[in-house]
Amino acid sequence: MASSVETGPIGAPDSAKSVAAPAENQPELISGGHLVAKALKAEGVDVIFTLCGGHIIDIYDGCVDEGIDVIDVRHEQVAAHAADGYARITGKPGCAVVTAGPGTTDAVTGVANALRAESPMLLIGGQGALSQHKMGSLQDLPHVDMMSPITKFAATVPHTERVADLVSMAFRECYLGAPGPAFLEIPRDILDAKVPVEKARIPKAGAYRASTRSAGDPAAIERLADLVVNAEKPCVLLGSQVWTTRGTDAAVEFVRTLNVPAFMNGSGRGTLPPKDPHHLQLARRYAFQNADLIIIVGTPFDFRMGYGKRLSQDATVVQVDLDYRTVGKNRDIDLGIVGDAGAVLAAVTQAASGRVDNGSVARKAWLEELRAVETQAYEKRLPRQHSDASPIDPYRLVHEINEFLTEDSIYIGDGGDIVTFSGQVVQPKSPGHWMDPGPLGTLGVGVPFVLAAKYARPDKEIVALFGDGAFSLTGFDFETLVRFNLPFVGIVGNNSSMNQIRYGQIQKYGADRGRVGNTLGDVRYDEFARMLGGYGEEVRDPKDIRPALERARESGLPSLINVWVDPEVYAPGTMNQTMYK
């Protein structure tokens, strides 16, 4: 991937290389920025997402020498979200580099989103020189104090010799329990200074982090195997940690070997293909109320799960999670296992394999019962998905998107009401091919996630659905996608409103106050895309959606299809939100 940063050192002649060639009998010197780059290289990081600033440019110089690409964006929030997205796509930690003060505060939202989404990333922020500590230097702020509550690790690098050491320490902390973000601030004089290479600790690749693939307590594994074998009506929810731990194969073997119906959420979507007999989506509420065994894997009992209250009080509930603090939080459980989702599920399958009868045949009737519920819900909604109404029914739009996706399409959802519609209909066809903000509910992740996904997986097609409000938050980095030649198929479900909030205001305060603070202009996002060098098209008739998507695919450019949807139609998930009741 070409970088917009020219090769060679930045702002200095060739003779001023940050890695200085030693004179006779003089030690080889290395700068803090080059130590950062070496530590990133040891972790396997091949790109940083950044917005430039004078505090951090020596890191760029180091990245050029280490062969690490530099993707420069137009807002630091985009850089942080892209680092989050890169981690999700690749399984390696992402890295964003921003300048001090407002550069770091602009990135706070991206770091907070990564925390709630359990995404491993490192944010490196600049800082004023230590020699000017507490003197009021340019862009000086207490970054570590601000970042500590939303990271797993936050620290200042106190000496150039410690730069690479602390980068590796930050990455190690990213994987303590459930993954998450870390933050390092590096004062300008620490970053620019040079020290003898022999005095700097430069961690060796693969030699400073242990495996985190724990299979849990063996006794608990045996107990869970017993529970599954003896259950008549079990079900499993495969959450984001199934993908985070790359436990897809183990999860698939578990549900198929033991004949357990599976639901998926978050990044766990796509674990099973849509036509798999064990793949269920619309019967989840019924299953949670009627199952005798419910296994929750890699998903907390947060608002998405009704804080655990949506699970039958009569069912045996098992929770598997990487984080000890998550197990049993908000709801009592019958069995908790702290461990890697894939390792745990593989161990349970193995433990149940030696039984004369693993109970799989007896569960055929339960699967048929759930399939009937699933089919009924699907058929009830089908007329909406085929609706020819104008303005366009959002169900028709997300139906067309779902039909458009291939096995190589990574789907990204960025929005409120329109993405809530897509959560019911869009089914990724492969593991790791679904991306949404996660439980923080952050709008604006779409363009940064596209940036990360297409950079990391140029062989994949990226399809992104935006709400018009969500796109507006980070949409100008569409130009970054054009600049780096990262094509994708983008769709804006445009109702000129923040419609999820609008619905709530109508319910609370009446229709006459339903338009306060949530109404947007009728923006032609297709023209915006063309202005920046991409492909754009406007759609008002539902029959034109698919042809427009095909033309966007064929254009080979970053694209936006501006689809005008009915502003008076709301997703069931929007109407059921407890905050409006």
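Leaving aside its neighbours within four places in sequence, which residues is His399 in contact with? In this predicted model, the answer is Gln385, His386 and Val425. If you want to find His399 in the picture, look in helix 15, which covers residues 394-404. Its relative accessible area is 8%, and buried means under 20%, so His399 counts as buried. With Gln385 there is also a polar contact: the two side chains are joined at 2.9 Å.

Now let's move to strand 7, residues 181-187. Seven of its seven residues are buried, so the strand is largely enclosed by the rest of the structure. Here's a handy idea to keep in mind: in a regular strand, side chains alternate between the two faces of the sheet. You can follow both faces here. On one side sit Pro181, Phe183, Glu185 and Pro187, on the other Ala182, Leu184 and Ile186, and all of these are buried.

Who are the strand's partners? Strand 5 (residues 121-127) runs parallel to strand 7, and seven bridges join them. Strand 6 (residues 153-156) also pairs with strand 7 in the parallel sense, this time over four bridges. Leu184 is a good place to pause: Ile124 stands opposite Leu184, and Leu184 is also the bridge partner of Ala155. To get from strand 6 to strand 7, the chain passes through helix 7 (residues 163-174), making a right-handed β-α-β crossover.

Next, the rings. The structure holds 13 aromatic pairs. One of them is formed by Phe466 and Phe488, which meet edge-to-face, with 6.4 Å from centre to centre and 80° between the planes. This pair links distant parts of the chain, as the two residues are 22 apart. Phe466 belongs to strand 16 (residues 461-467), while Phe488 is in the loop between helix 19 (478-483) and strand 17 (489-494). Both Phe466 and Phe488 are buried. They don't stand alone, either: ring pairs link Phe466, Phe471, Phe476, Phe478, Phe488, Tyr525 and Phe528 into a cluster.

Finally, have a look at two spots where an arginine meets a ring. Arg269 lies over the face of Trp434, at 4.1 Å from the ring centre. Over the ring of Phe404 you'll find the charged end of Arg553, 3.7 Å from the centre of that ring.

Note on methods. Residues numbered from 1 in each chain as written. Predicted model: local features only at pLDDT ≥ 70, side-chain atom pairs only at ≥ 80, totals over all residues. Heavy atoms only, no water. Phe/Tyr/Trp six-rings, centres within 6.5 Å; stacked < 30°, edge-to-face > 60°. Buried < 20%, exposed > 50% of the residue type's maximum accessible area, 1.4 Å probe, protein only. Lys NZ or Arg CZ within 6 Å of the ring centre and 35° of its normal. Pairing = 2+ DSSP bridges. Right-handed = clockwise from strand over helix to strand, strands pointing away. Polar contact = N/O pair within 3.5 Å; in protein donor to acceptor, adjacent residues only side chain to side chain. Contact = heavy atoms within 4.5 Å.
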